[in-house]
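Q: Hi, I'm new to this one and would like a walk-through. Can you put the structure up, and then I'll ask away?

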Amino acid sequence: MPEAKASTRKPKTLYSPNFPAQAHKLCLLGATDKDLASFFGICKSTLANWKKQHTDFNQAVLRGKKAADMEVAASLYQATLDRIITTKQAIKCKEVYYDENGKRVEKERVEIVEVEKHIPADFRSQQFWLKNRNPQQWSDKYDDDDTDSAKSITLNLGSGLNPHETAD
């Protein structure tokens with residue numbers, strides 16, 4: 001019986017040279033590593049290996065994620081500000097005149113005009129921005145600093161009877 005030789009061939013890889021372009025587009029749409037692995041039909045560890053072995057793939061993923069994050073950050077920032085935008089709007093214009101016989105004639109036409117609209121700042125976007133930019137100053141959590149010694153507080157409750165004295 002012949003001896004079985006150990007295979008020296010590498011396992012066939014599922015990687016394809018067109019994957020970096022696909023990964024970049026998916027990341028622009030907000031795909032996570034888990035989403036990428038699912039799309040390519042691989043596990044997350046294989047995706048991590050592809051990133052290590054194929055610098056073009058890794059760079060495509062990083063560029064896509066960074067570009068998407070920058071777009072969202074710019075949009076979030078814009079939402080925190082009051083702004084005026086100019087839009088185009090169709091309006092119906094009615095023209096009334098009298099013809100040569102004295103008969104009333106109405107003629108309608110549609111015109112496209114530019115309209116300025118005020119977009120108020122979004123409070124939730126402002127809150128999110130400030131809490132993440134400067135959490136020490138804008139956090140909802142009150143941090144009672146335990147390092148300070150207990151301070152004596154004196155309250156002036158106005159004139160009146162001392163509750164500790166008994167009334168006769």
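A: Sure, and one term before we start: buried means under 20% relative accessible area, exposed means over 50%, and partly exposed is in between, using a 1.4 Å probe and protein chains only. This is a predicted model, where local features need pLDDT of at least 70, side-chain atom pairs count only at pLDDT 80 or more, and totals for chains, interfaces and linings use all residues. Residues are numbered from 1 along each chain as its sequence is written, and side-chain values use heavy atoms, with hydrogens and water left out.

Q: OK, let's use that term. Is Cys43 buried, partly exposed or exposed?
A: Cys43 counts as partly exposed, because its relative accessibility is 40%.

Q: And Cys27, buried or exposed?
A: Cys27 has a relative accessible area of 1%, so it is buried.

Q: How many disulfides are there?
A: Zero. The rule asks for a pair of cysteine sulfur atoms within 2.5 Å.

Q: What's the mean pLDDT of the chain?
A: The mean is 85, and 77% of the residues reach 70 or more. pLDDT is the predictor's confidence in each residue, from 0 to 100. Where pLDDT is low, the predicted coordinates should not be read in detail.

Q: Which elements have the lowest and highest mean pLDDT?
A: Helix α6 (residues 135–138) has the lowest, at 86, while helix α1 (residues 19–28) has the highest, at 96.

Q: Back up a bit. How many helices and strands are in the chain?
A: The chain has six helices and two strands. These are DSSP runs numbered from the N terminus: helices are H or I with at least four residues, and strands are E with at least two. Along the sequence the pattern reads α-α-α-α-β-β-α-α.

Q: What share of the residues count as buried?
A: 14% of the 168 residues.

Q: Let's look at packing. At what angle do α1 and α2 pack?
A: About 135°, with the axes of α1 and helix α2 (residues 33–40) 11 Å apart. Axes are lines fitted to C-alpha atoms, for helices over the stretch in contact, and angles run from 0 to 180 degrees between N-to-C directions.

Q: What do you call that arrangement of α1 and α2?
A: α1 and α2 are therefore oblique to each other. Angles under 35 degrees count as roughly parallel, over 145 as roughly antiparallel, 65 to 115 as roughly perpendicular, and the rest as oblique.

Q: Which residues meet there, between α1 and α2?
A: On the α1 side they are Phe19, Gln22, Ala23, Leu26 and Cys27, and on the α2 side Leu36, Phe39 and Phe40. Contact means heavy atoms within 4.5 Å.

Q: How do α2 and α3 cross?
A: They cross at roughly 95°, and their axes come within 9 Å. α2 and α3 are therefore roughly perpendicular to each other. Asp33, Lys34, Leu36, Ala37 and Phe40 in α2 meet Lys44, Leu47, Trp50 and Lys51 in α3.

Q: Tell me about Leu47. Buried or exposed?
A: Leu47 is buried, because its relative accessible area is 2%. Leu47 sits in helix α3.

Q: What is Leu47 in contact with?
A: Leaving aside neighbours within four places in sequence, Leu47 is in contact with Asp33, Leu36, Ala37, Ile42 and Phe57. The C-alpha atoms of Leu47 and Ala37 are separated by 6.1 Å, with their positions 10 residues apart along the chain.

Q: And where do the axes of α3 and α4 go?
A: The axes of helix α3 (residues 44–53) and α4 come within 5 Å and cross at roughly 105°, so α3 and α4 are roughly perpendicular to each other. In that pairing, Leu47, Trp50, Lys51 and Gln53 in α3 meet Thr55, Phe57, Asn58, Val61 and Lys65 in α4.

Q: Staying in α4, is Lys66 buried or exposed?
A: Lys66 counts as exposed, because its relative accessibility is 53%. Its C-alpha is 8.6 Å from that of Cys27, although Lys66 and Cys27 are 39 residues apart in sequence.

Q: What about Gln78, where is it?
A: Gln78 lies in helix α4, which covers residues 55–79. At 39% relative accessibility, Gln78 counts as partly exposed.

Q: Last one: what does Trp138 touch?
A: Leaving aside neighbours within four places in sequence, Trp138 is in contact with Leu130 and Lys131. Trp138 is in helix α6, and its relative accessible area is 39%, so Trp138 is partly exposed.
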